[in-house]
Structures are given as C-alpha cells and as structure tokens.
Amino acid sequence: WIIIKSNMMYLVAVSGGVDSVCLLDMLSRSEHRLIVAHVEHGIRGEASRADARFVAALAQKYNLPFVSVSLDLGSNASEELARQKRYDFLLAQAQKFGAVLVTAHHAEDVAETVAINIERGTGWRGLAVLARTGVKRPLISFTKTQLYDYALQHRLEWVEDESNQEDSYLRNRLRRKISKLLSNDDQARIVQLRKVAEETGD
C-alpha cells in the first residue's frame with residue numbers, strides 16, 4: 001500500500017481515527033521500527049481520554065512502544081492552538097528518539113487545507129500545504145474511501161471524533177462542501193498541484 005524508506009525509526013501519530021489506524025496497520029506489516037504517539041488535547045473531556053486509552057491499547061496490540069501527552073487546552077481552544085501544541089509534542093518526541101514523524105494526512109486533507117488557504121486569500125502559495133521538514137505523509141495520495149475500504153478489508157477498529165461534525169471549525173464546514181463538490185479525481189489533481197507548488201516554490 002505505501003512505500004517509505006526502510007531502516008528508519010518512525011514515530012506514528014495516531015489519533016484513533018480510521019486514517020491513522022490504517023497508517024499504523026500498514027506500517028506494522030513492514031520491517032520498520034515504530035513508536036506510537038498520541039496527543040490528548042483536553043478539549044472533549046472524557047471522550048478524548050477514552051480515545052487516548054484506545055490508542056494505548058492499540059499500541060499494546062501491535063506490541064509497539066507508546067508515548068502520549070495529556071494537555072488541558074479546554075473546550076474553547078482553537079483548532080490552530082491544538083495543531084500547534086500537537087506538533088510541539090510530536091516533533092519533540094521524534095527528536096528525542098531520533099525518529100521521523102509520520103502522519104496520516106490524505107487527499108481530502110490536502111483539498112480541505114487548500115480550500116482554507118484560498119478562503120484566507122493566500123493565492124497560488126496556498127497550494128503548497130502540509131509540507132514540513134521532518135514529517136512524512138505516506139497516505140497523501142489516498143482518498144478517504146480507499147482508507148475505509150482498507151480498514152474494512154482488514155477488520156480494523158477505530159474511533160470517531162464527534163468534534164469533526166461541529167460547524168464551529170472552518171475545516172468542518174469546508175469538508176462537507178468539498179465532499180459534495182469534488183470527486184476523487186478532482187482531489188487527485190489537487191494533490192498533484194500541491195506537489196508542483198511545493199517543488200517550484202512559486
């Protein structure tokens with residue numbers, strides 16, 4: 001399913017959702033050395049603590065080391081603050097273990113992030129999204145449908161984050177529009193445009 005450089009240590013960011021559960025399962029079928037990492041933001045109360053316990057059990061199931069942090073950002077924390085604190089922890093842990101951080105971002109994430117940047121008026125540069133030194137995103141060309149298919153085929157279990165349905169986040173509002181307007185082929189073209197924008201730097 002995915003090709004990623006061998007003989008490396010990878011810190012796999014696992015939220016417990018279907019995307020990251022698929023990523024972990026795919027990588028577990030290789031010879032890569034893996035560490036499971038989870039960030040509990042402290043935004044959704046007991047629900048997010050339950051997710052943290054789920055990921056801890058998942059790491060145990062795969063017999064992999066597990067690192068996590070429990071933050072106390074509160075229910076009013078912004079999506080941007082949560083993202084910043086999440087990466088602060090994940091990148092620090094990757095550096096600590098001499099690992100490369102791996103996340104489960106996929107084609108729809110690219111389309112959503114591009115849409116957000118266009119909404120904010122960033123123009124062509126807004127296509128060069130989800131690019132960060134030291135972070136690998138091996139699922140970037142996969143659609144959400146493909147990931148659900150993989151999860152069902154391999155009988156994987158995952159958790160659903162109910163905050164993904166809340167209209168208070170711009171990403172959630174755009175996600176619903178994108179799912180209606182963009183086909184898988186459209187998303188694939190956006191992924192290709194992202195690659196061009198990232199490579200040219202224009």
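This is a guided tour of a predicted model, with a suggestion at each stop of what to select and what you will find there.

**Stop 1: the sheet**

Start by colouring the strands. You should see an open sheet of five strands, paired in the parallel sense and arranged in the order 3-2-1-4-5. Which strands stand at the edges? Select residues 66-70 for strand 3 and residues 135-136 for strand 5: each has a single partner strand, so one side of each is left without a neighbour in the sheet.

Stay with strand 5 and add residues 100-102, which make up strand 4. These two strands pair in the parallel sense over two bridges. To find a bridge by eye, pick leucine 101, whose bridge partner in strand 5 is valine 135.

Now show helix 3, residues 79-97, which packs on the sheet. Helix 3 touches strand 1 (9-13), strand 2 (33-40), strand 3, strand 4 and strand 5. If you draw direction vectors, the one for helix 3 makes about 155° with that of strand 2.

**Stop 2: a histidine in strand 2**

Next, select histidine 38, which has its place in strand 2. Is histidine 38 buried or exposed? Its relative accessibility is 4%, and histidine 38 therefore counts as buried. Follow the side chain of histidine 38 and you will arrive at the backbone oxygen of valine 14, at 2.8 Å.

Then expand the selection to the surroundings. Leaving aside neighbours within four places in sequence, histidine 38 is in contact with Val14, Ser15, Asp51, Ala52, Val55, Phe66, Val67, Ser68, Val69 and Phe89.

**Stop 3: salt bridges**

Switch on the charged side chains. How many salt bridges are there? The count comes to six, and here are a few to visit.

- Select arginine 29 and aspartate 25. Their closest N and O atoms are 2.8 Å apart in a salt bridge. The two ends sit in contrasting settings: arginine 29 counts as exposed at 54% relative accessibility, whereas aspartate 25 is buried, with a relative accessible area of 4%.
- Select glutamate 46 and arginine 49. This salt bridge has its closest N and O atoms 3.2 Å apart. The two residues are three apart in helix 2, which means they are separated by about one helical turn. Glutamate 46 is partly exposed, with a relative accessible area of 41%, and arginine 49 counts as partly exposed at 40%. Add Arg53 to the view: Glu46, Arg49 and Arg53 are linked in a network of salt bridges.
- Select glutamate 80 and arginine 83. Their side chains meet in a salt bridge at 2.8 Å, N to O. You are back in helix 3 here, and because the pair is three residues apart, about one helical turn separates glutamate 80 from arginine 83. Glutamate 80 is partly exposed at 44% relative accessibility, as is arginine 83 at 31%.

**Stop 4: an aromatic pair**

Turn to the aromatic rings. A search of the whole structure finds one aromatic pair. Select tyrosine 148 and tryptophan 158: the ring centres are 5.8 Å apart and the planes stand at 55°, so the pair is tilted. The pair links distant parts of the chain, with tyrosine 148 in helix 5 and tryptophan 158 ten residues away in the loop between helix 5 and helix 6. Tyrosine 148 is partly exposed, with a relative accessible area of 28%, and tryptophan 158 counts as partly exposed at 23%.

**Stop 5: backbone angles in two loops**

Finish with the backbone torsions. Most residues other than glycine have a negative phi. With that in mind, select asparagine 63, where phi is near 60°, a positive value. Asparagine 63 is found in the loop between helix 2 (46-61) and strand 3, and its relative accessibility of 70% makes it count as exposed.

For the last selection, take arginine 155. Where is arginine 155 found? Look in the loop between helix 5 (144-153) and helix 6 (170-181). Arginine 155 has a positive phi of about 55° although it is not a glycine, and at 75% relative accessibility arginine 155 counts as exposed.

Notes:
Residues numbered from 1 in each chain as written. Predicted model: local features only at pLDDT ≥ 70, side-chain atom pairs only at ≥ 80, totals over all residues. Heavy atoms only, no water. Pairing = 2+ DSSP bridges. Helix = DSSP H or I, 4+ residues; strand = E, 2+ residues; numbered from the N terminus. Contact = heavy atoms within 4.5 Å. Axes fitted to C-alpha atoms, helices over the stretch in contact; angles between N-to-C directions. Buried < 20%, exposed > 50% of the residue type's maximum accessible area, 1.4 Å probe, protein only. Salt bridge = Lys/Arg side-chain N within 4 Å of Asp/Glu carboxyl O. Polar contact = N/O pair within 3.5 Å; in protein donor to acceptor, adjacent residues only side chain to side chain. Phe/Tyr/Trp six-rings, centres within 6.5 Å; stacked < 30°, edge-to-face > 60°.
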